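Subject: Structure handover

Hello,

Here is the structure I promised to pass on to you. Please open it alongside this message, and I will walk you through what I found.

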Amino acid sequence: MNDFLHQDLSVYQLAVGAEASPQPIPLNAATLLSMVRAQIDLLIEQQINATLWVKLPPGKIWCQELRRYQLSIKQPINIYNCQIKGADAAKKDIVTQEEQQETMTPYINQVDVELLANNQLHREYFLIVLSPKFSSLLVASQQVRNDESENLAKENSPKNLTLLTITTIDSRVIQNVLDGLKQEIQLESNQIAPADLICQNICEPALWSLLFAKQIQRQDEINRQIRHERIGKLQGQNQTLQKKEQQKDEYLKNVSQELRTPLTQMKTALSLLSSPNLKPQQRQRYLQMLNTQCDRQSTLITSLLDLVELEHTLEATNLELVKLADIVPGVVSTYQPVAQEKGIMLAYTIPTDLPPVWCVNGGLRQIVIHLLYNSLKFTPTGGEVWVTARIEDEYVQLEVRDTGIGIAEGEIPKIFDCFYRVRSGNSEEINGAGLGLTIVQRLLWNCGGSITVKSQLDEGSIFTVQLVPEGKDPKLGGR
């Protein structure tokens with residue numbers, strides 16, 4: 001055999017170049033599948049004992065059509081499974097040996113035929129039906145532009161690609177293709193009967209009309225399936241949008257309520273200050289109320305702006321590797337004056353040999369600040385706050401432990417919700433915006449980290465942050 005002929009072999013070109021060849025039409029994989037199914041439907045319904053030459057895309061959905069024919073016909077049949085020489089065995093075009101054994105019947109005679117690998121056949125698929133009663137050719141070719149890569153040219157699956165397709169019952173076109181195949185194979189070594197490479201019939205018009213009707217029927221079925229899938233996808237997207245709208249409405253409602261509360265108290269204080277009989281101590285108390293609520297309003301607005309900016313920029317923010325030993329000491333020293341003023345012992349233990357961890361730019365510092373602020377805020381005089389870190393299960397674990405007022409078990413699942421504040425009876429808690437832990441959680445989610453809480457009332461809380469270290473993919477997550 002001539003190697004040059006091998007390299008030029010193209011079933012599609014053989015069909016196009018034959019006399020009276022039909023005009024190729026562009027189709028997608030779904031339409032190609034409908035045409036294969038229609039051919040199999042006709043063969044089964046008419047109980048046509050045919051020889052098949054096939055090279056179909058990989059996948060069970062294509063294999064099942066040949067199985068269907070093999071198991072439905074009651075006479076001996078030959079199926080020549082054309083494969084590209086040297087192709088990965090896991091990507092065979094028909095069925096594996098295990099699958100064959102499950103569906104094997106006494107009538108099946110399947111022969112694997114190797115064709116020399118070349119760029120043309122790698123992107124072509126065909127089904128040739130040969131019988132005295134009915135013969136047909138269905139061939140499809142992926143069209144690859146000159147600027148596309150060689151890997152794309154060798155892609156085995158036609159999914160999402162346009163296929164130039166020819167279908168015909170013209171015996172001259174079919175025989176031209178068979179003659180081309182005959183030059184590329186050795187009949188004796190492949191156990192191929194010479195008669196199985198001859199198209200000897202003129203198709204009955206009634207069968208051609210019946211095939212055409214079945215193709216329309218099969219295409220309608222696939223179109224209905226595609227429409228159903230698209231409708232399901234659109235419904236899912238619509239539900240997601242509705243859920244986001246509901247969350248947005250709830251969020252705006254909460255924001256409005258949170259901003260209204262300090263305004264109401266400020267208005268009350270101003271009204272009381274206008275009283276002519278106000279005593280100096282009362283005036284001082286109302287002025288202090290105004291000052292406190294102004295601070296709360298400012299904290300709320302600042303936290304809201306931080307959260308909005310975080311939500312808009314978080315996904316676009318690059319991750320960076322940061323060492324806890326470079327961040328925690330500085331944050332702790334910043335809060336030491338606050339701890340001393342409240343009479344709280346504040347300390348940290350951060351080993352310097354811990355590996356760097358992944359976090360969004362500047363995010364690790366924000367996480368430590370929010371957790372440390374909360375612990376100091378809810379720890380009474382004489383209490384303790386510890387910040388520690390260690391390696392745990394291939395992750396770096398940061399722990400903030402306090403001896404504060406603790407959190408009721410029923411409240412723990414809510415503390416990461418926007419604007420939620422723990423009910424402690426301490427008036428100081430209302431100064432917070434209830435957004436710190438929300439920001440911490442969202443920062444961690446974006447870098448594959450997580451946060452958990454253990455707490456008991458009057459015994460303190462432990463906030464445990466799990467961070468992804470260097471060398472581990474942060475996209476896999478630590479949750």
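Let me start with an open sheet of five strands, in the order β9-β11-β12-β14-β13, whose pairing is mixed. The edges are taken by β9 (345–349) and β13 (450–456); each has a single partner strand, so one side of each is left without a neighbour in the sheet. On average, neighbouring strands here are turned by 15 degrees against each other, direction ignored. Please keep in mind throughout that this is a predicted model.

At the β13 edge, the partner is β14 (residues 460–467), and the two pair in the antiparallel sense over seven bridges. If you would like one pair to look for, Ser450 has Gln466 in β14 as its bridge partner. Helix α11 (residues 324–342) packs on this sheet, where it touches β9, β11 (384–392), β12 (395–402) and β14. The direction of α11 makes about 175 degrees with that of β9.

Now for the chain as a whole. The secondary structure of the protein chain comes to 13 helices and 14 strands. Of its 479 residues, 45% are buried. The accessible surface of the chain is about 26000 Å², and carbon and sulfur atoms account for 50% of that. Among contacts with a separation of 6 or more, 77% are between residues 24 or more positions apart.

The next place to visit is strand β2 (residues 51–55). How many of its five residues are buried? Five of the five are, which leaves this strand mostly covered. As general background, side chains in a regular strand alternate between the two faces of the sheet. In β2, Thr51, Trp53 and Lys55 point one way while Leu52 and Val54 point the other way, and all of them are buried.

Two partners of β2 are worth a look:

- β3 (residues 77–84) runs parallel to β2, and four bridges join the two. Trp53 has Tyr80 as its bridge partner in β3, and Leu52 stands opposite Ile79 in that strand.
- β5 (residues 124–130) runs antiparallel to β2, joined to it by five bridges. Here Val54 has Leu127 as its bridge partner.

Like β2, β3 is mostly covered, with seven of its eight residues buried. Between these two strands, the chain crosses from β2 through helix α4 (residues 60–72) to β3, and this β-α-β crossover is right-handed.

A few loop residues also caught my eye. In general, most residues other than glycine have a negative phi. Gln47, however, has a positive phi, near 50 degrees. Gln47 sits in the loop between α3 (29–45) and β2. Is Gln47 buried, exposed or partly exposed? With a relative accessible area of 30%, Gln47 is partly exposed, because that value falls between the cut-offs of 20% for buried and 50% for exposed.

Asp458 also has a positive phi, near 65 degrees. Asp458 belongs to the loop between β13 and β14, which brings us back to the edge of the five-stranded sheet. At a relative accessible area of 68%, Asp458 is exposed, because exposed residues are those over 50%.

Asp458 can also be set beside Ala408, which lies in the loop between β12 and α13 (436–446). The two residues are 50 residues apart in sequence, while their C-alpha atoms are 9.4 Å apart in space. Ala408 counts as partly exposed, at 21% relative accessibility.

Finally, a word on confidence. The mean pLDDT of the protein chain is 80, and 78% of its residues reach 70 or more. Where is confidence lowest, and where is it highest? The lowest is in helix α7 (residues 150–153), at a mean of 42, and the highest is in β9, at 95. Two stretches call for care. Over residues 88–107 pLDDT stays under 50, and the model has 35 contacts beyond four places in sequence for them. Over residues 425–430 pLDDT also stays under 50, with eleven contacts beyond four places in sequence. As a general rule, predicted coordinates should not be read in detail where pLDDT is low.

I hope this helps you find your way around.

Best wishes

Methods: Residues are numbered from 1 along each chain as its sequence is written. Side-chain values use heavy atoms; hydrogens and water are left out. Two strands pair if DSSP finds at least two bridges between them. Axes are lines fitted to C-alpha atoms, for helices over the stretch in contact, and angles run from 0 to 180 degrees between N-to-C directions. Contact means heavy atoms within 4.5 Å. Buried means under 20% relative accessible area, exposed over 50%, partly exposed in between (1.4 Å probe, protein chains only). Accessible areas come from the Shrake-Rupley method with a 1.4 Å probe; for residues, only the protein chains shown count as cover. A crossover is right-handed if, with the strands pointing away from the viewer, the path from the first strand over the helix to the second runs clockwise. pLDDT is the predictor's confidence in each residue, from 0 to 100.
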